[in-house]
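Subject: Structure for you to look at

Dear colleague,

I am handing over the structure below, and after it I have set out what was found. Please keep it open beside this message while you read.

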Amino acid sequence: MGCLYLDRKNLALKLDGQALALYEDGDKKGTVPLHLLDRVVMRGNVQMESRILGALSERNIGLLVLSGRNTEATAILSSRSHGDTIRRLGQYKLSMADELRVPLARWLVLVKIRGQQRLLREALARRADLRLPLKSALDTLSHIIGQLREDGFVVSLASLRGYEGAAAAAFFGGYQHLFAGSLNFNGRKKRPPPDPVNVCLSLGYTLLHYDAVRACHIVGLDSMLGFFHDLSFGRESLACDLMEPLRPVVDGWVWHLFRERQLRVEHFSDDNGRCLLNKAGRQIFYAYYESQAAPARRLLRRYAYALAKRYVLVYEAADAALVS
């Protein structure tokens, strides 16, 4: 099963039997059998027959539409959701009980920080010349983990978000030194991304977020209701939760693309302070993302299934308490 990326002007998509037919400027360019797909990603102005939405939904194929101006998702067609509503009932109960959310949130923060440590240790092994900033960031991350693992150390959701934020600041303080000065990367900035590294981080996080939303729907969970991220209008908080431990993985992919000079300054342009990735650069990024994404997608599904099991237990415990 694969992912079809459509990122070209004057492109139209039609249903041709059991396949998608691709047209450019009215000329048919080829077909892609539906049974080979599990997701479609569109960017910009791609014309599409409405019956394609039904065909994708029937076959459990997801659809992500990216903005033509930036890397944000503008529409998502999710796959069919699992039919066990008890999972969502348990999810709702857990979301209203901080004492049940905190252990999950603590686990999430620890797993994310360990991922940041792995990436910086790999960087330190490759870049001995950056020992000072990388070692400083690693020391801060180790200190935070030590605090979170202390027996009897009481944390709240608010304090966990504080630790997660402090860890992110330390991580990017070291990570930013891995890139050439000509890229002007001075830390994480996203609205709008002002430099090539931030553009690629935003695009990678957007694609990963969609994979997290899809994982939520596959196991029958409400992607809007998280345990670490609070409710926020329009935000898929559970998908944000699931992708947090995998952000360092995307950070590593972006570092690889620049380190190996697959992406270079000429793949980017400036539009009034907004950095843009051109078509050739996007093709490189999509290809690398797809070559690396399978393990991350499996991990997202494992996280989602594990959560679904926990939510069922929460519901059953609450139901048993009512009966007794």
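A residue counts as exposed when its relative accessible area is over 50%, and as buried when that area is under 20%. Please also keep in mind that this is a predicted model.

With that cut-off in hand, we can begin with Asn184, which lies in the loop between H5 and H6. Its relative accessible area is 53%, and therefore Asn184 is exposed. The backbone of Asn184 deserves a look as well, since its phi is near 55 degrees, a positive value in a residue that is not glycine. As background, most residues other than glycine have a negative phi, and most peptide bonds are trans. The loop between H5 and helix H6 (196-218) also holds Pro192, and the peptide bond that joins Arg191 to Pro192 is cis, with an omega of about -10 degrees.

Arg261 can be read in a similar way: it is found in the loop between H8 and strand S9 (268-271), and its phi is positive, about 60 degrees, although it is not a glycine. Is Arg261 buried or exposed? Its relative accessibility is 54%, so Arg261 counts as exposed.

The strands come next, and here strand S3 (residues 19-24) is a good place to start, being mostly covered, with six of its six residues buried. Both of its faces are covered, with Ala19, Ala21 and Tyr23 buried on one side and Leu20, Leu22 and Glu24 buried on the other. Strand S2 (residues 11-16) runs antiparallel to S3 and is joined to it by six bridges, and within this pairing Leu13 stands opposite Leu22 of S3. S2 and S3 form a hairpin with two residues between them, and in the turn Gly17 has a positive phi of about 65 degrees.

S3 is also joined to strand S4 (residues 27-33), again by six bridges and in an antiparallel manner, and Tyr23 stands opposite Lys28 in S4. S3 and S4 likewise form a hairpin with two residues between them, where Asp25 in the turn has a positive phi of about 50 degrees.

Finally, there is the packing of the helices. Two packed helices are described by the angle between their axes and the distance between the axes. How are helix H3 (residues 98-126) and helix H5 (residues 157-175) placed, at what angle and how far apart? They pack at an angle of about 10 degrees, with their axes 10 Å apart, and H3 and H5 are therefore roughly parallel to each other. Among the residues that make this contact are Val102, Ala105 and Val109 of H3 and Leu160, Ala167 and Phe171 of H5. The residues of the contact of H3 with H5 divide into twelve nonpolar, two polar and six charged.

H3 also packs with helix H8 (residues 247-259), where the axes come within 8 Å and cross at roughly 25 degrees. Angles under 35 degrees count as roughly parallel, and H3 and H8 are therefore roughly parallel to each other. The residues that meet here include Gly115, Leu119 and Arg126 in H3 and Pro248, Asp251 and Trp255 in H8. By class, the contact of H3 with H8 has four nonpolar, three polar and six charged residues.

With best wishes

Technical notes: Residues are numbered from 1 along each chain as its sequence is written. This is a predicted model: local features need pLDDT of at least 70, side-chain atom pairs count only at pLDDT 80 or more; totals for chains, interfaces and linings use all residues. Side-chain values use heavy atoms; hydrogens and water are left out. Buried means under 20% relative accessible area, exposed over 50%, partly exposed in between (1.4 Å probe, protein chains only). Helices (H or I, at least four residues) and strands (E, at least two) are DSSP runs, numbered from the N terminus. Two strands pair if DSSP finds at least two bridges between them. Axes are lines fitted to C-alpha atoms, for helices over the stretch in contact, and angles run from 0 to 180 degrees between N-to-C directions. Angles under 35 degrees count as roughly parallel, over 145 as roughly antiparallel, 65 to 115 as roughly perpendicular and the rest as oblique. Contact means heavy atoms within 4.5 Å. Ala, Val, Leu, Ile, Met, Phe, Trp, Tyr, Cys and Pro count as nonpolar, Asp, Glu, Lys and Arg as charged, and the others, Gly among them, as polar.
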